[in-house]
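Please look over the structure below slowly, and then follow the explanation that comes after it, going back to the picture whenever a new part is named.

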Amino acid sequence: TRGAHRRPSLSPPPSSSIMAKLGEGDERWIVSERDDGANVNNWHWQEKDAFEWAREKFASRLALTIADAVPDPDDASRVITIKTSDVTALTGEAYVNRRKGKIIAGYELDLKMKYDAEARSKDDPSGDVVAAASGNVHFPYIADENAGEEHDAKVLNAKNGALDDRVKEIIRTVGLPMMWRAIGEIEKELAAGGPGGEGDAPAPKPSGGGKADFRDGANVNGGAKSDADREKESRSDKTAPLSRKAHALKMTERFFCRPRDICDALLDGGRVMHFSRSPADVKPAPGPFTMFDGNVHGETLEYVPGELIRQKWRFRNWAEGHFSEVTITFREPEPGNCFVDLVQTNVPETDAFGNESVMDTTEAGWKEQIFGRIRQVFGYGA
């Protein structure tokens, strides 16, 4: 009857709300069997160098016809054609970071594009060139902080003549708006993932019975790897898988420099700020330190130049008072061939908010945001 108290139903819920069943090919599993499950949906931190990608985009998108046989304002008998063609200079950096499915693009670029202009007779616009001019369009600061804006630009003519001045004015009034639009499109593509696109997940791998082995370290043939197999896996600065042993990270990185160079890069405050592009307070001596604007901090416990660095180390978002211990040692089998061995113990399974990605984030941070940056900025890498 209306308003009567209803007893809770003890019957099974509809099939759509029953938990997905392990090993039965249930579509509701978030992780499906795939060729590459190492970074599903871009969850772990990744960084991709986008510099060469940007160079190729500038070269193709900024190759423009700015003027096609337009009347010469100072000589009614002639028409002018102006085209931009090649990237004559590109310096700076461009990269794309991915973390937890999010894309963060960063770039600071100094670009010069070559232009050429030709004047021909109005009566024969495809005939012989009667005058020519050339130079560069210079964009000294194309950066993510100014994305979508009309970046500062200068037209640098190779010579000073009447035609050079006219070409310069046409590029300023007609060419720059065209180039700004093209740069804006490139910036949008970079913000969407650049060289890696938007990072769609790999297509599912065909399987015989629709079953997937979800055990940690399972190989593609369906069998679980033994601890011995894992120990035999090659580790290098470019292909090492993330550590699978909870609470401890181990890695070996190779650099083409002397051990003291890496010590300076890790413990000299100016160099740390240079490669990290963020505030840091660190000294090559025992004492407290901060890096990445305080997101990493701790205390250097022991320092032997070129031989040993030992630190108490933590992320800001770890549980209050929890520190790991980092030990970095150096090997140099021959001058200029340096191996850096890092062991970090007591890494928590979760941060202060319960996120279980601490191990992955910590190791990827060392590899990409510290060692990778040192290679890139100081030129020590293979």
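**From the surface to the interior**

In this predicted model, the protein chain exposes about 21,500 Å², and carbon and sulfur atoms supply 50% of that area. Turning from the surface to the inside, we find that 37% of the 382 residues of the protein chain count as buried. The protein chain has 6 helices and 12 strands, and among its contacts between residues at least 6 apart in sequence, 57% join residues at least 24 apart.

Methionine 179 lets us look at one such interior position, and this residue is found in helix 2, which covers residues 162-191. Because its relative accessible area is 0%, and buried means under 20%, methionine 179 counts as buried. Leaving aside neighbours within four places in sequence, methionine 179 is in contact with Leu62, Leu64, Thr84, Met113, Val137 and Phe139. One of these partners, leucine 64, lies 115 residues away from methionine 179 along the chain, and yet the C-alpha atoms of the two are separated by 8.1 Å.

Histidine 151 offers a second example, although this residue lies in a loop, the one between strand 5 (129-143) and strand 6 (154-157). With a relative accessible area of 3%, histidine 151 is buried. Its contacts, again leaving aside neighbours within four places in sequence, are with Phe139, Tyr141, Ile142, Ala143, Asn146, Trp180, Ile183 and Glu187.

We can now ask how two helices meet. Two packed helices are described by the angle between their axes and the distance between the axes. For helix 4 (residues 259-267) and helix 5 (residues 269-276), the axes come within 5 Å and cross at roughly 80°. Since angles of 65 to 115 degrees count as roughly perpendicular, helix 4 and helix 5 are therefore roughly perpendicular to each other. Their contact is made by Asp264, Ala265, Leu266 and Leu267 of helix 4, together with Gly269, Arg271, Val272 and Phe275 of helix 5.

The last stop is the aromatic rings, where a search of the whole structure finds 7 aromatic pairs. Phe255, Trp313, Phe315, Trp318, Trp366 and Phe371 form one aromatic cluster. Rings also appear beside charged groups: the charged end of arginine 314 sits over the ring of phenylalanine 323, 5.5 Å from its centre, while the charged end of arginine 373 sits over the ring of tyrosine 95, 4.7 Å from the centre of that ring.

Terms used: Residues numbered from 1 in each chain as written. Predicted model: local features only at pLDDT ≥ 70, side-chain atom pairs only at ≥ 80, totals over all residues. Heavy atoms only, no water. Helix = DSSP H or I, 4+ residues; strand = E, 2+ residues; numbered from the N terminus. Buried < 20%, exposed > 50% of the residue type's maximum accessible area, 1.4 Å probe, protein only. Contact = heavy atoms within 4.5 Å. Phe/Tyr/Trp six-rings, centres within 6.5 Å; stacked < 30°, edge-to-face > 60°. Lys NZ or Arg CZ within 6 Å of the ring centre and 35° of its normal. Areas by Shrake-Rupley, 256 points an atom, 1.4 Å probe, with all protein chains shown as cover. Axes fitted to C-alpha atoms, helices over the stretch in contact; angles between N-to-C directions. Parallel < 35°, antiparallel > 145°, perpendicular 65-115°, else oblique.
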